[in-house]
Structures are given as structure tokens and as C-alpha cells.
Amino acid sequence: MWWYLSDLARFRSERIGLDTLASDVAWLAPVGWRTDDSKKLIYDADIVIGARTFPVYLIYPESFPHTPPSVFPRGDASLWSNHQFGPGGELCLEYGPDNWTSDRTGRQMLESAHRLLSTENPPTGDRKDVPSRHDVSLGQTLRATTFRLLITRSLESFFANVEAGTKLKANMLVLYRGQSNVYIVDKITLPDGTVWQNQDVPPTLGRETFERTIGLRRLADGQSLPPINDVAEFKMAATALGFEADDTTLIMLKGKAAYGFIVLDKSVVPISAIGPEPQARRLDEAYACLRAKRIAIVGCGSLGSKIAAMLARAGVSDFYLIDDDLLQPDNLVRNDLDWRDVGTHKADAVAERIRNVNPAAEVYFRQIRLAGQESSGSADAALSSLVRRDLFIDATANPNVFNLMSAIAESAERPMIWAEVFGGGFGGLIARYRPGTEPNPQLMRRAVENWFGERHHKPARAGRDYATGGEGPVLVADDADVTSIAASATRLTIDTLIGRDPSYFPFSAYVLGLAPEPGLFTQAFETYPIEMSGAPAPEPKPGLTPDEIGLEVAEIVKIFSPK
């Protein structure tokens, strides 16, 4: 039901308020009430300022009084004000959706319209500007702009050093995204043939975009931008500035500004520049050490793909990925990847995603099945690369992989993180092993199983092999479930890499609740730490007598001696 029928008292209040205003002031001449085709209530009136009359209408929205009415020119398609949404459009007044409260009235909107129009069009002719009541965001400014030139910090620095008259050719990537075309300069060829590379742009981005070569020049002092109203005049002026006659996309530098143009058959389209944001630190200073850390992630499924992307955003710049599986359409229900990667190996696709998030990242990957049927040489090479990393992450929830990785972590004295999501999406587990601090991962896993056993609960786990699909039930959990556990595992990983003391995680394993589960959780966000014993004292290695040492060394020398 319309608000003016369901709330007659408010309608009466609005009507009396406008009638009173019309009788109190000389500038308002009421015309009358009406409704539009959708039965929205409208009040027509004239605002008289000096010798000029502004015909307006006040239209009440369906959701009034929770949202404000609007004031429009009535039968006039011209631009009245600097605070107007285009010629003939709504006036931008003191009250809008961002500061409206339901106790305000249509009378106040007309009073605001009068203040705006009388300030900008006073009878004395002494026109004044009316300050805006709000800042316009970059997004609002570019909302109706299709062609956009992204200027990164590296590109801005390069532009600052370009001298007038220098002829440059640039490679431009074009991202077509429905309502906008975003242009990104990733390379510029210098006059001596060397190529400048924009370090802010992932080298992999070119594989997902269109590319075009463009002309780039800095205008000398006193030179003006070409006129854009006529294609022939624009081309003639651009050629006079040093551009090639067949340049169809151009960037002109003038002062600190960059101006982009696209030359079409019948028009010249300016490209709106998007400058770099003010530099501000968005991560804790402690995260700086992550750039030097080398991480191995085994399992690039839903959990591993999310952990990898989060660590790349946190600043980790060296990844080693192991996974043999392909991304299938059904994986998209909770994997961090999307349709652009369907049919590719997950390790390959996650590597690409890391590079697109962090252009500085070095990513190595192997498409093998760890702890599976692989050649000894491939397995040995994979494990040799694994032990060179600073930390291992097991994101497979596969006991065979866990046993192998935990043995290597203990032997190579590397910290290890593992996580899993419980079937049904009611929760998950995160845990970490630090050599010399916790017992070995196998003992930790036994402690976790004992914790569940004491509660007579056995959580459902993935029955399918992480690498091959294999036999067994599919894990039931949605993307939010997996993301929750992945985020917790990532925070545990970052805490371990930074080496916080004291750690944000005083325990080494946590069972995290995401939903009620009989015998375990009564609600979401219930968390139980699992107590672990300390690391056992290292067992002494068998010693050798001096004679025995000499004998063994002699045997090794024989191996390297010429045959």
C-alpha cells in the first residue's frame, strides 16, 4: 500500500507543512498535487527568485519517510545548478540518503532547493558558489566513464622523467570488464631500444588481456592538447606534436598530468586517468619479514588455494606448490580459482593466481602426487625442493601425505602447519609443529584423535584422494566453511613465520566450531585448544670410536676415487 494511504497522519503533516510554507513565504507558488504513472505522490510548485521562475516538482519515494523526496525541474531540461545530476536532473540538496532521517519533511527539501537556487541566482546578480555537502568519491566520479587509464606508482615515476620531444612507444593492456575498459601500460620502449618494465603490473596479466601499441609523448611548455571535437583536426594537431599519423591510442604528458585518447573513425574519446592512491601502510610492520620466507604448500584444492592467495597478499614472495589434480567445474563451489582455470592443473593455476596477486612472487610448482604412485626420481626431486623451504603446509587432509611431510619436517627441522575441514561444514582443525617446541606431528595427531575420542566423536573427513578423486564420499562444506578454516590456518602460518614471542596462538592445535554439532559444538565460533606435551629431549645419536670413523671415511673416499 502507498505510504500516503497507510500513514494518513504523515500525509496530513506533509500537506499542512507545504501549505504553511506557501502562506509564509513569497517565493513559493503552489501548483497542486498529483501522482505519476506508478502512483508516486508529487507536489508541483514554482520557486520565484527575482524576475526568474523555477518550475519544480517534489516527488515522494515509495519508501517515504525512510528515504528523502527529490526535487526536479518541471518541464525544463536545462542545467540550473552546479549541484544537479545533469541537465534536467535532480537537484543535489542539503538532505540526501546519507543524512536523511524520517523526521525531516518535504517542506525542508523545498526550502533547501530555494537556498541553493537563490544563492546561485540572486536577484542582485552577485552569484555565489554553494559548497558541496559531501565529497564525491573516485568511484562516483567515474561511474559513467567507460575508458579508464590506470597509472601505477612506477608509471607515475617514469612519466615524471620523460623529456619533451622524446618519442616513445608503449605496450598497453586492455581489460574489458563489461561497463568499463581499463588501460594499463606494462612496457615502454625507449629510443635506444631498451624496454622499461612496469614493476607494478604482473607479467602474467598480459595473458588475460588484449594488447595494443600506443604513442607516448610529453608536451613542451606552451604546447596545448589537441582539440577533440573533430577527428581530422585532432590527428593534424597530434602529428604536429610528434605522434605518428596512424597512432590510434595516445598518451600525452603535460605537467604532472597524463591524458589518454582513443581515435575512432568519427570521434576522439578521452581516457580518464586513475592516479595512484596516497601511499599508506596496510600491513603490520612485522609482515616485512615475510618477503624473505619460502613456503611449500602441498595440496592446491579449496583449502590450499585460499591459503596460498592469502599468504601472497600478506607479502610472502616465494612459493613451492605440489598438486597433481585438475580443476573441474564442480570444484568451483569452494575453490579460490574460477572458470578461467577449469581444465588446468591446480598447481599451475594457483601459481598464476599468486603471480596476479603479488607480481614480485617467485612461484615453483610440481604436478605430482606426493606419497602416491610416481617415479622415484620425481618424488626425490620434489622432496629435495621441499626441504629447502622455510615452512611446510599440508592442505591435503590425506594421512599418507601427512605422515611423509611430518617425517621430513622433523628430519629437516622445519615448522609445519596443517589444517582440515570436517565434513558437514560444522568446523575444522588447525595445528602447527615447531621443531624443539612441540612433539613430532605424528604424536600431535594422536593427541588430537584422543581429544575427539574423549568426546566420543569422530568427525567426518574427506574420503576421496586429494590428487586423484579416487573412491569415497565427497566432502560436504561450503566456501564460507573452507574460507574460515583457511583464514585461521593462514593466521597461524603468519604467526609462525614472524616468530612472534609470545605467539598469538599459545596452543599448538585448535578445533574450531562453525555450526552446532551434537557432542562437540553448541554454536558457531566455539573454539577448543588442544594441550600438547613439550618436545621430547633429542635421542643421542650412536657414537663411533676414532678407529670406526677412520674406517668409514676410507670407505667413502673409495667411492669418489677413480675406478
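How many nonpolar, polar and charged residues does the lining of the largest pocket have? I'll get to that in a moment. What you see is a predicted model, and my topic today is its empty space.

As background, rolling a probe the size of a water molecule over the atoms shows where empty space is left.

The largest pocket first. It holds about 1,200 Å³ of space, and 35 residues line it. To the opening question: 19 of those lining residues are nonpolar, 7 are polar and 9 are charged. If you want to find the centre of the pocket on the screen, look for Arg 153, Asp 200, Gln 279, Val 357 and Pro 359, which lie nearest to it.

Which helices each supply at least two residues of that lining? They are helix 7, residues 302-314, and helix 8, residues 346-357. Helix 7 provides the largest share, 3 residues.

Now the cavity. The structure has 1 cavity of 30 Å³ or more. The space in this largest cavity is about 40 Å³.

What lines the largest cavity? Going along the chain, the lining consists of Phe 234, Lys 235, Ala 238, Thr 239, Phe 243, Glu 244, Ala 245, Asp 247, Leu 250 and Val 263. Helix 6, residues 231-240, gives the most to this lining, with 4 residues. By class, the cavity lining splits into 6 nonpolar, 1 polar and 3 charged residues.

To recap: the largest pocket has about 1,200 Å³ of space, with helix 7 giving the largest share of its lining. The largest cavity has about 40 Å³, with helix 6 giving the most to its lining. That's all from me.

Technical notes. Residues numbered from 1 in each chain as written. Predicted model: local features only at pLDDT ≥ 70, side-chain atom pairs only at ≥ 80, totals over all residues. Heavy atoms only, no water. 1 Å grid on protein atoms, 1.4 Å probe; cavity = no way out; pocket = protein on both sides within 12 Å on 5 of 7 lines; lining within 4 Å. Points joined across faces, edges and corners; volume = space filled by probe spheres on them. Nonpolar A, V, L, I, M, F, W, Y, C, P; charged D, E, K, R; others polar.
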